[in-house]
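Hi there,

Here is the structure I promised to send over. Have a look at it first, and then read on for my notes.

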Amino acid sequence: MEKIPGIKLIKEKDYVKNPKESGYVSYHLILGVPISLSDENTYVTVELQIRTLMMDAWAAIEHKLVYKKKDTFAKVFKNYAAQMMLLDDCFSELREAQKDEE
């Protein structure tokens, strides 16, 4: 990751290369971001989650229906995660083909 002046990289979580057991896929950066208060400069910890639209849709639906609940939907959603990643790849390929035609 290229460094941004003033921003501190605290931790990186790559759930794209290493999806969670649930099927969750995303890329997270824990960052220290400088802020100026009236009497001091300090860092605030923020988490930046980078997802495609498909990843975000899956995460939102999974969170509402499955997250922290013990039921049969968990296996189904893990399967859907794999299918959504295939669709994500298809959409990326279409976008690249479109760029080549421009």
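Below is what I found, going from the whole chain down to single residues.

Please keep in mind that this is a predicted model. The protein has three strands and two helices, and along the sequence they come in the order β-β-β-α-α.

On overall shape, the radius of gyration is 18 Å, whereas a compact globule of 102 residues would have a value near 13 Å. Along the principal axes, the C-alpha atoms take up a box of roughly 50 × 50 × 20 Å. Of the 102 residues, 21% are buried. The exposed surface comes to about 8100 Å², with 57% of it supplied by carbon and sulfur atoms. If we look at contacts with a separation of 6 or more, 36% of them join residues 24 or more positions apart.

As for charge, there are 17 negative and 15 positive side chains, and the centres of these two sets are 10 Å apart.

The element I spent some time on is helix 2, which runs over residues 73-101. Its 29 residues reach 41 Å from the first C-alpha to the last, close to the 42 Å expected at 1.5 Å a residue. Which residues of helix 2 are buried? They are Phe 77, Ala 81, Met 84 and Asp 88. The buried residues of this helix pack against helix 1, residues 53-65.

Two residues of helix 2 may be worth a click in your viewer.

Let me begin with Met 84, which sits in helix 2. Met 84 counts as buried because its relative accessibility is 17%, and the cut-off for buried is under 20%. Beyond its neighbours within four places in sequence, Met 84 is in contact with Met 54, Ala 57 and Trp 58. For Trp 58, the C-alpha to C-alpha distance to Met 84 is 7.7 Å, with the two positions 26 residues apart in sequence numbering.

Then there is Ala 82, also a residue of helix 2. Is Ala 82 buried, partly exposed or exposed? Its relative accessible area is 43%, so Ala 82 is partly exposed; that class lies between under 20% for buried and over 50% for exposed. Ala 82 and Pro 19 are 63 residues apart in sequence, and their C-alpha atoms are 9.8 Å apart in space.

That is everything from my side for now. Happy to talk it through whenever suits you.

Best wishes

Notes:
Residues are numbered from 1 along each chain as its sequence is written. This is a predicted model: local features need pLDDT of at least 70, side-chain atom pairs count only at pLDDT 80 or more; totals for chains, interfaces and linings use all residues. Side-chain values use heavy atoms; hydrogens and water are left out. Helices (H or I, at least four residues) and strands (E, at least two) are DSSP runs, numbered from the N terminus. The radius of gyration is taken over C-alpha atoms; the globule rule is 2.2 Å times the number of residues to the power 0.38. Buried means under 20% relative accessible area, exposed over 50%, partly exposed in between (1.4 Å probe, protein chains only). Contact means heavy atoms within 4.5 Å. Accessible areas come from the Shrake-Rupley method with a 1.4 Å probe; for residues, only the protein chains shown count as cover. Lys and Arg count as positive and Asp and Glu as negative; His and the chain ends are not counted. The place of a charge is taken as NZ of Lys, CZ of Arg, CG of Asp or CD of Glu. The expected span of a helix is 1.5 Å times one less than its number of residues.
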